[in-house]
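Me: Could you give me a close look at how one of these chains is put together, and tell me what else I should know around it? I'd like it in plain words.

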Amino acid sequence: MHRRLTRSDLNELVSAAPAAPVQLLDAHRASLTTRFRAVSVPGHRRLDAWSVERAGRSSNVFRWSPATARRVLGNASLRRLATQPASVRDAVRDELGDQMLRAASGYSRSGSLSHWLASAPHPVIGLVTAEAVNWATQLQEIAEWLDATWEVPTSDAYYDVASARTTLRARRDLVVRTSESRTIVRVRSGSPGKSAGPGLRADLTIEALADHDGVAPVRYIGLWPEAGVCLSVDGTMSDLRSGARDLVRTAVAQRRRGTLLAA
Amino acid sequence: MTTTLDSSPLSVVEALRGDRSKRPLIDIASAGGLRSLLEDGIFEIIGAQRLATPLVVRTSSLHQRLATIDLAMSTPGRIRGVLIGQLLRLLSVGMSIDHAFDDAVATWRAEVGANELIQQLDALDDDDRARLATDVAAHCVTLTRALGEIPARWMPRSAVRATQRLAGGNVVLRDVVDLMIGASTSDVASIALFDVTTSPLGEGAERSMRFHALMHTLRTSVMPLRTCTFSSATGEMWIRDVDYELLARSVQDVLNSVRDQWSAK
């Protein structure tokens, strides 16, 4: 479903989600594991919606920057705001302070966000703050639009495919829970491309796999605030299967590319 | 010679926020009409065909229609503009700026890594670099004095991006607002858009102000309260309340730009 990102449209997407969630069984997990094991790779692979949208093409090597740090810090700040009311800017500063304290006390490993922040110069910290404030403010406004009760999850959803050296990651920024079901909201920069739907379905499948009981969210909503649009997919078995197929296809495409490069 | 006043005659942020009791209710009805005006206008220009590469409209596209020689579009002018934009981002979160030029360059590098404009900055000789650093410092002083402190409760966001695809992707509108304040969850119009330019204000700046307001309306479906542009060269500031007429004029600006690009193809 494609909608404009307005308060009423977002609430309608949340409230009109299917009532009963679908559940993945052990047989589904086993089937996915078999398929991933058939696409072996020498090292460990990590797949997410972005790799599905790029059809397995590798992105640039990850490095911390104000843009890559903003979501981690912004979401953590909003989580902090839910328990300690303050301004967004103060929450971001507190979060930055905690991260740097972690590095100073030796609890951060090399390559982590804390480690990078601790070595960043003063003006760069300012830019990181500005980016995180942008992200947290935007997410807070979206959350405040919601009529239903929401929470900021403590982390993204991760699922390790047993014996296939594969980790799947689904992005999630807000969770709307009822007694029986949950709806996930995911926020992305830029505007949705043609492969945004498959990306959302991949997130939906990973989120269901990461759930202990295999319960899928009833709806996965992707928001692109810069473009002012939202897309959603329902947590149906057909969408879950489609998401799983796209993930396996991405693994195949990645391996093929790796083989071509080696040749 | 650059001279600065001891104190700013006006706080930009105060002027933008204005009197809260006089703010109109949010307008969520106009966005659809404006979108239709744009879609219809683009169809009259391009027709139903699908373009391999879209026509892109930005604030700079609106300026080019007006001026054949724009000093702000020279390489030092563009670098200066980017650096002042970076300093505004730091000011928006209450960071103290010790060395305007060095701080701005450090944040710029952290944001974009390497690009053509940074290479041009690196290629400047010592004299040109020193001249640019002095220039940036002077603009920063003007901006800092006018801006004052931005309270956190006004929710300042800097470098806010917007993208709109129109006519099935044939036309893409892109925009970056330097600073946005106010909440979009209020029942009264609260969003104020602030743009800073390192050039003296002219008709191009007015088009930019309108374009920012139009893009915000299309993106959020809610009309902003005010749009403003500030010149760090002269300390001059223009503020306009946003209404349908202003947005409709911006639609015409966009259509003129699309027409120019289409006829040049």
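Reply: Here's a walk through chain A, followed by its partner, chain B. Keep in mind that this is a predicted model.

Let's start with the layout of chain A. The domain assignment splits chain A into domain 1 (2–56 + 148–262) and domain 2 (66–145). Between the centres of domain 1 of chain A and domain 2 of chain A, taken over C-alpha atoms, there are 25 Å. Where the two meet, ten residues of domain 1 of chain A are in contact with nine residues of domain 2 of chain A. On the domain 1 side of that contact, α1(A) gives the most, with three residues. Sort that side by class and you get seven nonpolar, one polar and two charged residues.

Now for the sheets of chain A. One is an open sheet of six strands with mixed pairing, in the order β1-β9-β8-β7-β6-β3. At its edges sit β1 (2–4) and β3 (150–151) of chain A, each of them pairing on one side only. Further in, strand β6 (residues 174–177) of chain A runs antiparallel to strand β7 (residues 182–187) of chain A, and four bridges join the two. If you want a spot to zoom in on, try Val176(A), whose bridge partner in β7(A) is Thr183(A).

Helix α1 (residues 7–15) of chain A, the same α1(A) that gives the most to the domain contact, lies across β1, β6, β7, β8 (219–224) and β9 (229–234) of chain A. Its direction is at about 5° to β9(A).

Chain A also has an open sheet of three strands, again with mixed pairing, in the order β2-β5-β4. Here β2 (45–48) and β4 (157–161) of chain A are at the edges with a single partner strand each, so one side of each has no neighbour in the sheet. On average, neighbouring strands of this sheet are turned by 20° against each other, direction ignored. β4(A) pairs with strand β5 (residues 166–170) of chain A in the antiparallel sense, over five bridges. One pair to look at is Ala157(A) with its bridge partner in β5(A), Ala170(A).

On to chain B. Its domain assignment gives domain 1 (12–68 + 153–264) and domain 2 (71–147). The centres of domain 1 of chain B and domain 2 of chain B, taken over C-alpha atoms, are 24 Å apart. Their contact takes 15 residues from domain 1 of chain B and 15 residues from domain 2 of chain B. On the domain 1 side, the elements giving two or more residues are α1 (12–17), β2 (157–166), β3 (171–181) and β4 (192–197) of chain B. By class, that side has eight nonpolar, six polar and one charged residues.

Last, the place where the chains meet. The contact takes 29 residues from chain B and 26 residues from chain A. On the chain B side, α4 (75–92), α5 (100–112), β2 and α8 of chain B each give two or more residues. The largest share of that side, eight residues, comes from β2(B). Sorted by class, the chain B side has eleven nonpolar, ten polar and eight charged residues.

α8(B) deserves a quick look of its own. Helix α8 (residues 203–220) of chain B has 18 residues and reaches 26 Å from its first C-alpha to its last, close to the 26 Å expected at 1.5 Å a residue. α8(B) is mostly covered, with 17 of its 18 residues buried. After α8(B) comes Ser221(B), which has a positive phi, near 65°.

Note on methods. Residues numbered from 1 in each chain as written. Chains lettered and ligands numbered in written order. Predicted model: local features only at pLDDT ≥ 70, side-chain atom pairs only at ≥ 80, totals over all residues. Domains from an automatic or database assignment. Contact = placed C-beta atoms within 7 Å. Nonpolar A, V, L, I, M, F, W, Y, C, P; charged D, E, K, R; others polar. Pairing = 2+ DSSP bridges. Axes fitted to C-alpha atoms, helices over the stretch in contact; angles between N-to-C directions. Expected span 1.5 Å × (residues − 1). Buried ≥ 20, exposed ≤ 12 C-beta atoms within 10 Å, placed from the backbone.
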